[in-house]
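Visitor: I am new to this structure and would like to understand the reasoning behind the terms used for it. Could you take me through them step by step?

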Amino acid sequence: MSCEAKNIGKIKINRLLSLMRSRKYIVYNKPYQLNIIGVRNANTDPNKFDDYIYVVWKNDKNKWEGRKYEATTDPSTVYLKKGGYSDSTSGTAILPQGQYIDKWSIRGHGKTGYKALGQFQSGEDKKICVYRDYDRNSTLNFNVEDKTCGHFGINIHRAKKGGADDGKGNTETIGFYSAGCQVLQNYYCFLEFMEMAEKQKLLYGNKFSYTLLDLSLQRKFMIKRSLYVVSIFGALSLIGYGVYLTSKNK
C-alpha cells in the first residue's frame, strides 16, 4: 500500500512560501532540506483530522516540489476533557502559530518507540511555548496572552499503524493520538514523510524545523477587528447624528 497524498503545484507552493517570507520566517532552499508547514483549519474540530501538513523542498535540479498530508494540529476531545496528557491541572497543550527552528529530531516516539520527529527534551533553546486549555470541555478555548514554555514532547508523529480503520492507512478519529502533537492521519503517508526526514538527516544532521499557520486564530482576530471597527463606526455615527440634531435645533 502506498501513500495517496497529493502533490502540490507551483501556485500553492509559491503561496505557502510567500506567506512564510511575509512573516520573516526562514525558507529552506537547499536540496532536500524540508519546509514542514502545518495549517490549522479555520473551523477546527478536535475529533477530526481536518488540518494539513505540507512538506515543501527543492530537488537536486533546483526545482520546488511539495506534498500535502491530512493531519491534526490540535489536541483531541479526549485530552481536552481530561485537562492534559498526564496532569489534569496543567491544561491541555495547544501549539501556537509560528516558526520553530531546530526543535525536533528523529527519535523514538512514545511507549512503542517507532521513529518520528520528537521535540528535544533538554536545552533552553529547545523549549516550546504552548497555550493551555483549562476548562476541560470538548472545544478549544485558550488565552492567547497566556503561554507556558518547556520540553513538553510536542512531537510530529502518526496515528494508528497499518491499514488502520479503512484499509488504506487512515485513522478515523483522533482519540488518544494527540494531546497537543502534530499528527498525520495516514500510516503510509507518515512512512513517506519519515523517508524524506531521514534523507534530510543524512544530508544536514538530525535537526528539524516546523512552521504552523493558524487560520482559526487569524479568523478570531479578524472577527475581533471587525467588531472593533463596527463599534467605532457606530460611535462616530451617533456623535454625528447628535451634532446634526444640535445644529438643527439652533
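Guide: Let us begin with a term: a disulfide is a pair of cysteine sulfur atoms within 2.5 Å. The model shown here is predicted, and a search of the whole structure finds two disulfides.

Visitor: Why is the pair of Cys3 and Cys189 called a disulfide?

Guide: The sulfur atoms of Cys3 and Cys189 are 2.0 Å apart, and the cut-off is within 2.5 Å, so the pair counts as a disulfide.

Visitor: What makes the disulfide of Cys3 and Cys189 right-handed or left-handed?

Guide: The torsion about its S-S bond is about 85 degrees, and therefore the disulfide of Cys3 and Cys189 is right-handed. Because Cys3 lies in the segment before β1 and Cys189 in helix α3, this pair ties together parts that are 186 residues apart in sequence.

Visitor: Which residues form the other link, and why is that one called a disulfide?

Guide: Cys129 is joined to Cys149, with an S to S distance of 1.9 Å, and since the definition asks for sulfur atoms within 2.5 Å, this pair qualifies. Cys129 lies in strand β8 and Cys149 in strand β9, so the link ties together parts that are 20 residues apart in sequence.

Visitor: Why is Cys129 called partly exposed, and what about Cys181?

Guide: Cys129 has 26% relative accessibility, and because buried means under 20% and exposed means over 50%, a value in between counts as partly exposed. Cys181, at 10% relative accessibility, falls under the 20% cut-off and therefore counts as buried.

How values were computed:
Residues are numbered from 1 along each chain as its sequence is written. This is a predicted model: local features need pLDDT of at least 70, side-chain atom pairs count only at pLDDT 80 or more; totals for chains, interfaces and linings use all residues. Side-chain values use heavy atoms; hydrogens and water are left out. Helices (H or I, at least four residues) and strands (E, at least two) are DSSP runs, numbered from the N terminus. Buried means under 20% relative accessible area, exposed over 50%, partly exposed in between (1.4 Å probe, protein chains only).
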